[in-house]
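Reader: I'd like to go through this model with you. Please put the structure up, and I'll ask as I go.

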Amino acid sequence: MTSSAGWYLRRLSRMGPREVGGRVGDTVRRRRWRAARPTCPTVTGARFTAVLPAGTIGAVPPEAAKRLVAEADRLMAGHVEFFGVVRDDLADPDWWHDPKTGRRAPWGYAFDVPYRNEDAVGDIKQIWELSRHQYLTVLAAAYAVTGDERYAERVAEHLRSWWAANPPLRGVHWISGIELGIRLLSWVWVRRLLDGWSGAAGLFEANPVALHQIWHHQRWLAAFPSRGSSANNHIIAEAAGQFAAACAFGWFPSSARWRDEALRSLERHLRANTYHSGLNRELATEYHGLVLELGLAAVAEADAACVPVPTTVRLVLLRMTDALAAIVDNRLRPPRQGDADDGHGLVVDGAGTDRWASLLATGDAVFGRLPWWPAVSGSDVRTPLLAALIRPYAKKGSAKEGSSPAVSRPASRPGHFADAGMTILRGPEEIWCRCDGGPHGFLSIAAHAHADALSVEVRHDGVDVLADPGTFCYHGQPEWRQYFRSTLGHNTLQLDGADQSVSGGPFLWTRHARTRVLTADVTDTSDEGVTRWSAEHDGYGRSTHRRRVELNAASHELRVVDEVRGPRRAAVRLAFHLGPAIAADLVGNWAVLTWTREGEDRFAVLDLPEQLSWRAHHGESEPPLGWYSAGFGRKEPATTLIGTGFADGTQGFTTVLRFRG
């Protein structure tokens, strides 16, 4: 996929004058750098002092260590999977090869590489992921836990290979700031985890090649920050990586300046990217997790280096952690809202470690859990490592020096986040329902938003019943990208075959539907209570879509009423996407849903609006319909129920989901 002149014009239309000026300056700087690439200043006597406190590794739970070592052994054998593609070449990887398409990214000046063009480069996500070096942090953690030097030696071998193959400003790995930022954070943790190995200093601070790479990464990040309408999770990763490196690798004349600038950027953009309620403004849950991981890692570096951090940084991270605890279901699964690309900030755990349980465990260690938080089972490696570096957050009434002042935290579990437009309805038998009445993404391009206004997501004991289908892909497959972010690709209502918001490209929306929450009554959580939500949006011009949702705890019943108000008759398609575990038997407007949970048969009945003609779709490709993406690059057939008909403004469409057994 290449970017057309029309795309550039649409993209330009979403920028303000300051952003345009900054990007013009970036263009001039790229041209100047092509001709004059400075050398790294000479560094002598560098020492790495940002080590883990004594006893930290001994605090790693045995079961977490066991998972970590098993994962490290798979990596040592050359096996890894990224985005649904299994690789067996990790013993000696080609850093520019895309195993999905078989293509190899071209050599040349970094800013000339057409990375959005899959025909020329391959799948850029596949190429970039390996070079985030998060598998190397896993190997380094395995060394720290076991003392087995095989892991350390493999890390050193791969870093030297990467540094030799990717000189500064050459090739595909010098294009994107988020990649450089995450890679720097990985290098900091690799050095920290290898500290007991005799070759650690010779690999990093006593190695001119490593110093050259670290300096050029930081120089790049200082010169080309994400700007304006692109200042989303990318700028957080850039600032966190820059800050971590400037603290832990503070060996250069510019280190103090880079550190201070990165900290200012991190503080400003953490606030800008986060609602007061604690939810991430991109309204894409996986990016909430990514930003929280990056923020915690940055604070760990600050405390390890005794660098004061503005109180607002810890406050934002605290609110993000409490918000995460509030929105997860009984199995600790958060909403599947917006884009998701399996991105992580810091990886030191083996397969099978629950990401969200790990974040809540870290939140407990750093901030302290509240009585209403869900119980967290399992264990992880990352929590004791971060907790060993981060100073505990001040408890109420504490005046501990260096800690943040106590703040007011929710006394009970929030169910409605007014600023983010997210409402969680909860019922008996672990019924969980997310209602979407929030803004259409973040900033003028809303890069990671989906056209999902008024959509609902319903689970029963952690099983997706009415599911958000997910993301699947970003580049290279435009018909699939369009489907997974479309209105028809969500549990909501489509009018006249149009999306509620207008797409201008795979990460660009040129018109955003505006949504207004009318009711959010989540106070009655008793076994006999009824919780309610209603909202409307203006994405269909003169026609307004309004939706009401009621969860009746006594009858285990969820009622959804859709109304279309407007001056004209409109064609309607009402979609309900079922999770991949759900089998559906559709007869007329009546669907019996069945599934199994831990060996127990479960079922529900979906009573659909009789005014519409209903049909089940499953794994269709032309056009795409009836799919579920559990993770980036992966998709599987699932049942989607589509009702077609017309709305004339005289009656609503009522859907009732009744859980049985």
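Reader: Is Arg-532 buried, partly exposed or exposed?
Author: Arg-532 is partly exposed, at 34% relative accessible area. Buried means under 20% relative accessible area, exposed means over 50%, and partly exposed is what lies between, with a 1.4 Å probe and protein chains only. This is a predicted model: local features need pLDDT of at least 70, side-chain atom pairs count only at pLDDT 80 or more, and totals for chains, interfaces and linings use all residues. Residues are numbered from 1 along each chain as its sequence is written, and side-chain values use heavy atoms, with hydrogens and water left out.

Reader: What does Arg-532 form a salt bridge with?
Author: Its partner is Glu-550, with the closest N and O atoms 3.4 Å apart. A salt bridge here is a side-chain nitrogen of Lys or Arg within 4 Å of a carboxyl oxygen of Asp or Glu. Arg-532 is in strand E12 (residues 530-540) and Glu-550 in strand E13 (residues 543-552), so the bridge ties together parts 18 residues apart in sequence. Glu-550 counts as partly exposed too, at 33% relative accessibility.

Reader: Which residues end up in one network through salt bridges that share partners?
Author: Asp-329, Arg-333, Arg-434, Asp-436, Glu-457, Arg-459, Asp-464 and Asp-468 are joined that way.

Reader: How many salt bridges are there in the whole structure?
Author: The search finds 52. One of them is Arg-355 with Glu-286, where the closest N and O atoms are 4.0 Å apart. That pair links distant parts of the chain, 69 residues apart, with Arg-355 in helix H15 (residues 355-367) and Glu-286 in helix H13 (residues 285-304). Helices (H or I, at least four residues) and strands (E, at least two) are DSSP runs numbered from the N terminus. Arg-355 counts as buried, at 12% relative accessibility.

Reader: And what about Arg-331, which Glu does it bridge to?
Author: Arg-331 forms a salt bridge with Glu-598, and the closest N and O atoms are 2.9 Å apart. Arg-331 sits in the loop between helix H14 (311-327) and H15, and Glu-598 in the loop between strand E17 (590-597) and strand E18 (600-607), so the pair ties together parts 267 residues apart in sequence. Arg-331 is partly exposed at 28%, whereas Glu-598 counts as exposed at 62%.

Reader: Back to Arg-459 from the network. Which ring does its charged end sit over?
Author: The ring of Trp-432, at 4.2 Å from its centre. Likewise, the charged end of Arg-219 sits over the ring of Trp-33, 3.6 Å from its centre. For this, NZ of Lys or CZ of Arg has to be within 6 Å of the ring centre and within 35 degrees of the ring normal.

Reader: Rings, then. How many aromatic pairs?
Author: There are 25 in the whole structure. Rings of Phe, Tyr and Trp (its six-membered ring) pair if their centres lie within 6.5 Å; planes under 30 degrees apart are stacked, over 60 edge-to-face, and the rest tilted. Phe-83 and Phe-632 make an edge-to-face pair, at 5.1 Å centre to centre and 75° between the planes. Phe-83 is in the loop between strand E1 (80-82) and strand E2 (85-87), and Phe-632 in the loop between strand E22 (627-631) and strand E23 (634-637), so this pair ties together parts 549 residues apart in sequence.

Reader: Are those two buried or exposed?
Author: Phe-83 and Phe-632 are buried. As for another pair, Phe-252 and Trp-258 have ring centres 6.5 Å apart and planes at 55°, so that pair is tilted. Phe-252 is buried at 6%, and Trp-258 at 3%. Phe-252 and Trp-258 belong to one aromatic cluster, whose members also include Trp-162, Trp-163 and Trp-187.

Reader: What does Gln-213 touch?
Author: Trp-162, Trp-163, Asn-166, Pro-167, Pro-168, Trp-174 and Trp-187, leaving out residues up to four places away in sequence. Contact means heavy atoms within 4.5 Å. Gln-213 lies in helix H10 (residues 208-223) and is buried, with 1% relative accessible area.

Reader: Last one. How many helices and strands?
Author: The protein has 17 helices and 25 strands. Buried residues make up 59% of its 661 residues.
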